[in-house]
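Thanks for coming. I will go through a few points on one structure, so please have it open in front of you.

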Amino acid sequence: MVNRIEIMELIDHFGINVCKSGRYFRLVEHDSLVIDPQRNAFFWNSRGIGGGPVKFLKEYFGLTDDELRVTLNKFRNENVAKCQSSDIRKKNKMKKPLIKTKPLDLKGYLYLLQQRGINRKIIEELKNRNLVGSDQKHNIVFLWRNAYGKIIGQDLQGTVIDYSKFPKRGTFKSIQESSKANYGFNVSIGEKFEHLYVFESPIDLLSYLQMYQEEIKDAKLLSLNGAGTKVATINAFLKDQSPIDHDGQFILPKYIHLAPDNDNAGRELITKFEDLRLKRGEDYSLNIVEWCKYKDWNEQLLSDFKVKLKNKKEKLSMDITTFDSFKIYQKLRGMWNDEKY
């Protein structure tokens, strides 16, 4: 009888880079691919697929059935003398501490400026607020700060482009393991908290801020570091950042702007939030969907540089109830995806 294969055994054996996010693990090069060790399963949000260890191996490496059988046999033979899966899980539970950062270095500065199209004014503001830095490997470190300014988490963004190692985006990307669960990189605009803008990554957050900064007033912008599995981050952030009234109740912002990627995982986040949003009695924030024309907000920002047209900063803004109609969503996708940019 063949012993059950654990998905974390495959992660360890093939040297697949993952970062811990609560009880889950995320793949560094495919951050929409989530590993659940307790269920011995995976779910690939952006592709809408999931399953057990064998299917994970097939989908991750793109194997045929014959190649899968050969790979599994080789894996089993090489792991006869290895420790049991419980030992591997224990090893993966060891968290790396938050990184001691230094000021944003030249490589990080140029990556944001040249590769991501973030302007100098925004980069300098991030530096002045101590919201961004660099590590010893020249990765950009986005610092998560809570309501009291304490650093409680970090996003790491690589500055060296290597598509052979990181085929999806070309660069290293990770969340430091000791980062607080259900939180993320955030930026405040103004003194009041009237609007919350929610994004899937720090880069998308900064891209949106650059394109639409004239309309952003008295707001906080939050990065979720993903989509469907990170909905709880929104409510946790609201509880941490919202002021309290005389009755000890949260004073919620008037508007929550959901601005995820233009894909199925982004729509899933919007749908889930409609059911899980934080309320105060019968009151709750008005929820608005900010839907970009391109795959994500950074791609939309970069389109300005590629085609040199000012009218490419297009987006759709609508209340969540209107957007939540699946037929409307499909119509928008079809209408925009048929266009040539």
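**Two loop residues and two cores**

Asn182 is partly exposed, because its relative accessible area is 32%, and partly exposed means between 20% and 50%. This is a predicted model, so please keep that in mind throughout. To find Asn182, look in the loop between strand E10, residues 173-175, and strand E11, residues 186-189. What is the phi of Asn182 near? The value is near 55°, which is positive, and the residue is not a glycine. As background, most residues other than glycine have a negative phi.

The next residue is Asp218. Where does Asp218 lie? Asp218 sits in the loop between H7 and strand E13, residues 219-223. Its phi is positive too, near 45°, again in a residue other than glycine. With a relative accessible area of 27%, Asp218 is partly exposed.

Now the interior. The largest nonpolar core has 57 residues. Which of them touch the most other members? Those are Leu112, Leu196 and Leu258. Helix H7, residues 202-212, supplies the largest share of this core, with 7 residues.

Let us stay with Leu196. Leaving aside residues up to four places away in sequence, Leu196 touches a list of residues that includes Leu222, Ile234, Phe237, Leu238 and Ile256. Also on that list are Lys220, Pro253, Tyr255 and His257.

There is also a second core, separate from that one, with 21 residues. Among its members are Ile11, Phe56, Tyr60 and Leu63.

Note on methods: Residues are numbered from 1 along each chain as its sequence is written. This is a predicted model: local features need pLDDT of at least 70, side-chain atom pairs count only at pLDDT 80 or more; totals for chains, interfaces and linings use all residues. Side-chain values use heavy atoms; hydrogens and water are left out. A nonpolar core is a set of buried Ala, Val, Leu, Ile, Met, Phe, Trp, Tyr and Cys residues joined through side-chain atoms within 4.5 Å. Buried means under 20% relative accessible area, exposed over 50%, partly exposed in between (1.4 Å probe, protein chains only). Helices (H or I, at least four residues) and strands (E, at least two) are DSSP runs, numbered from the N terminus. Contact means heavy atoms within 4.5 Å.
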